[in-house]
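Trainee: I'm new to this one and would like to walk through it with you. Could you put it up on the screen?
Mentor: Here it is, and you can ask whatever comes to mind.

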Amino acid sequence: MSTARTGRVPAWALLTGGIALVATSLATGTAALGPAPATASSHREAPLISGQPQYDNTDVYAFTSPDKTGTTTLMANWLPFEEPAGGPNFYKFADDARYQIHVDNTGDGQSELIYRWTFKDEVRNGDTFLYNSDKVTSLDDPDLNFRQTYDLQVLKFKDGKHLSTDTLADDAPVAPSNVGRASMPRYDDLRAQAVRKTSNGGTAFAGQADDPFYLDLRVFDLLYGGNLSEVGQDTLKGYNVNTLALQLPTEQLTASSDKPVIGVWSTTHRRSAANGWRQVSRLGMPLVNEVVVPSKDKDKFNASTPWDDAQFAPYVNDPELARLLEKVYKLKAPAVPRKDLAQVFLTGVPGLNKPAGVRPHEALRLNTSVKPAQDPKRLGVLDGDKAGYPNGRRLTDDVLDISLQVVRGELAGQKNDLGDAVDVNDEKFDDTFPYVASPHSGSRGPLKEPARGGSGTSALDGDNSSASSAATSSDDGSLLLASAASGAAALLVVALGLLWWRRNRSRSAAPR
């Protein structure tokens with residue numbers, strides 16, 4: 001019988017509807033207690049690379065080593081927004097990629113040196129889903145089921161022509177993902193074992209690390225909410241990246257002692273189906289492809305070389321960000337063309353890190369003759385600290401605040417204090433190579449405390465009260481109460497439906 005004719009709802013509809021309501025109420029309550037979804041990172045700066053995180057270069061750093069005189073540290077990170085507990089397939093470098101750090105020591109936009117990492121995977125036991133089968137105490141521990149090693153080479157060029165290739169490290173170990181304290185109770189020991197000497201007197205590291213880039217990425221929500229209300233939150237807090245770091249004698253990087261400026265950038269090349277290599281990522285100065293290059297040319301920038309950067313120069317000379325600041329906050333944009341920005345991004349700053357005869361191109365430029373600051377300033381050169389950004393880039397440099405102030409016109413006479421209210425990284429950096437903080441552990445967050453009396457019962461014993469109380473906030477408790485109330489209401493609907501159905505059935509069965 002059609003409900004459209006009688007206006008009555010069949011008993012089966014009430015029953016299934018009530019049960020569905022119960023299930024929905026309970027599911028809604030429990031789902032809301034789960035982890036929050038990850039927020040997108042600006043590291044995903046171009047359409048194509050955003051779908052290829054293993055090949056996505058997030059940041060480049062270059063600085064004179066603060067603890068080792070006569071050396072320079074080069075560093076690049078890949079694979080943005082690593083959730084520490086993101087197993088069972090944790091985070092690895094791609095084995096079909098070439099990860100490269102380029103050095104230009106003549107200012108012509110061509111590489112004189114390319115440091116190239118390639119990786120190999122080893123799975124010791126394919127019959128388990130675990131990354132490790134027991135506690136891992138060393139990088140060659142048989143309980144570490146998944147391992148990576150790498151080869152490191154240096155390729156030397158002159159005027160764009162390849163001269164030689166030398167191997168600096170062969171089958172060097174990669175520090176693993178920090179699965180958790182049960183699996184890797186002394187993770188820092190594992191990381192230390194991944195710091196290796198190279199054949200040319202340098203030091204290398206490859207492995208997971210805390211993401212050292214600190215900033216509030218809500219700049220993409222109409223420049224911090226359109227009224228600067230959305231600031232002060234380190235969007236990358238708690239997430240990891242994969243780091244490649246190399247510390248070398250400075251004399252190996254510069255053309256000569258009287259030419260101390262080097263340009264640094266990184267690229268990723270991915271093996272193609274035809275067994276060739278295709279460049280899919282490029283990065284030098286921070287935030288260039290994110291907020292300077294427009295969407296239509298972002299993929300082109302990632303596939304380009306600095307030699308051809310004249311095609312992107314208009315975006316530097318008349319940046320969209322300055323016009324947006326004027327539109328949203330009524331902050332008058334400096335006059336164009338922006339010679340100040342061209343110096344920072346394309347040629348180097350005169351008297352600081354501009355090489356003689358420079359061909360304009362985008363790169364992170366470092367004057368290696370500037371000694372490390374005893375008291376580094378987060379605003380670098382803007383605060384009188386010539387050892388900081390944009391003279392190279394240190395881990396502590398607040399490049400987001402510096403970039404906002406420079407785009408606003410700080411170097412063109414328009415003094416300002418723009419910033420995102422995030423002034424330090426969420427983790428303290430190390431004082432020695434590789435300097436980046438250790439990666440966040442997969443077992444971070446609240447843990448169950450032993451039961452009173454020291455019995456140490458767990459959720460497996462049916463006693464999960466302390467775990468629940470440790471992980472559940474008062475807000476979660478209110479949510480559970482609301483969910484329970486919704487479930488009770490749904491059950492009441494079922495009961496009333498059954499009662500209504502039985503009464504109507506009795507009436508139908510009675511003689512008329």
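Trainee: How many helices and strands are there in the protein chain?
Mentor: The protein chain holds 12 helices and 12 strands, and please keep in mind while looking at them that this is a predicted model.

Trainee: What pLDDT does the chain average, then?
Mentor: The average over the protein chain is a pLDDT of 85, and 78% of the residues score at least 70. In residues 1-42, however, the pLDDT is below 50, although this stretch still has 41 contacts in the model beyond near neighbours in sequence. Residues 463-485 also have a pLDDT below 50, with 20 contacts in the model counted in that way. Where pLDDT is low, predicted coordinates should not be read in detail.

Trainee: Okay. What share of the residues counts as buried?
Mentor: Of the 512 residues in the protein chain, 48% count as buried. The accessible surface comes to about 25,000 Å², and carbon and sulfur atoms account for 54% of that surface.

Trainee: Which residues touch the most other members in the largest nonpolar core?
Mentor: That core has 97 residues, and those touching the most other members are Tyr 99, Tyr 115, Trp 117, Phe 119, Tyr 150, Leu 152 and Phe 345. Helix 10, which covers residues 399-408, gives the core its largest share, six residues.

Trainee: Pick Phe 119. What is it in contact with?
Mentor: If we leave aside neighbours within four places in sequence, the contacts of Phe 119 include Phe 93, Tyr 99, Tyr 150, Val 174 and Leu 244, along with Asp 95 and Gln 148.

Trainee: Let's switch to sheets. In what order do the five strands of the open sheet come?
Mentor: The order is 1-2-9-8-7, and the pairing is antiparallel. Strand 1 (57-64) and strand 7 (196-197) stand at the edges with a single partner strand each, so one side of each has no neighbour in the sheet.

Trainee: How many bridges join strand 1 and strand 2?
Mentor: Strand 1 and strand 2, the latter spanning residues 71-82, pair in the antiparallel sense over seven bridges, and Thr 64 stands opposite Thr 72 in strand 2.

Trainee: And what about strand 10, which strand 12 pairs with?
Mentor: Strand 10 (residues 261-271) and strand 12 are antiparallel to each other over four bridges, with Leu 364 in strand 12 serving as the bridge partner of Val 264. Along strand 12 (residues 364-367), Leu 364 and Leu 366 point one way while Arg 365 and Asn 367 point the other way, and all of them are buried.

Trainee: Is Val 261 buried or exposed?
Mentor: Val 261, which lies in strand 10, has a relative accessible area of 10%, so it counts as buried, the cut-off being under 20%. Not counting residues up to four places away in sequence, Val 261 touches Asp 104, Asn 105, Asn 353, Pro 355, Arg 365, Leu 366 and Asn 367. From Val 261 to Pro 355 there are 94 residues in sequence, yet the two are 6.1 Å apart in space, C-alpha to C-alpha.

Trainee: Now a helix. Which residues of helix 6 are buried?
Mentor: In helix 6 (residues 295-302), the buried residues are Asp 297, Lys 298, Phe 301 and Asn 302. Seen down the axis of helix 6, these residues fall within an arc of 145 degrees, so they line one face of the helix. They pack against strand 11 (277-283), helix 5 (288-291) and helix 7 (313-317).

Trainee: Last topic, the loops. Which peptide bond leading to Pro 390 is cis?
Mentor: The bond from Tyr 389 to Pro 390 is cis, with omega near 10 degrees, and Pro 390 sits in the loop between strand 12 and helix 10. The peptide bond from Phe 433 to Pro 434 is cis as well, with omega near 10 degrees, and Pro 434 belongs to the loop between helix 10 and helix 11.

Trainee: Where is Tyr 435 found?
Mentor: Tyr 435 is in the loop between helix 10 and helix 11. Tyr 435 has a positive phi of about 75 degrees although it is not a glycine, and at a relative accessible area of 3% Tyr 435 is buried. Lys 330 also has a positive phi, near 60 degrees, but Lys 330 counts as exposed at 67% relative accessibility.

Definitions and conventions
Residues numbered from 1 in each chain as written. Predicted model: local features only at pLDDT ≥ 70, side-chain atom pairs only at ≥ 80, totals over all residues. Heavy atoms only, no water. Buried < 20%, exposed > 50% of the residue type's maximum accessible area, 1.4 Å probe, protein only. Helix = DSSP H or I, 4+ residues; strand = E, 2+ residues; numbered from the N terminus. Pairing = 2+ DSSP bridges. pLDDT = per-residue confidence, 0-100. Contact = heavy atoms within 4.5 Å. Areas by Shrake-Rupley, 256 points an atom, 1.4 Å probe, with all protein chains shown as cover. Core = buried A, V, L, I, M, F, W, Y, C linked by side-chain atoms within 4.5 Å. Arc of directions from axis to C-beta.
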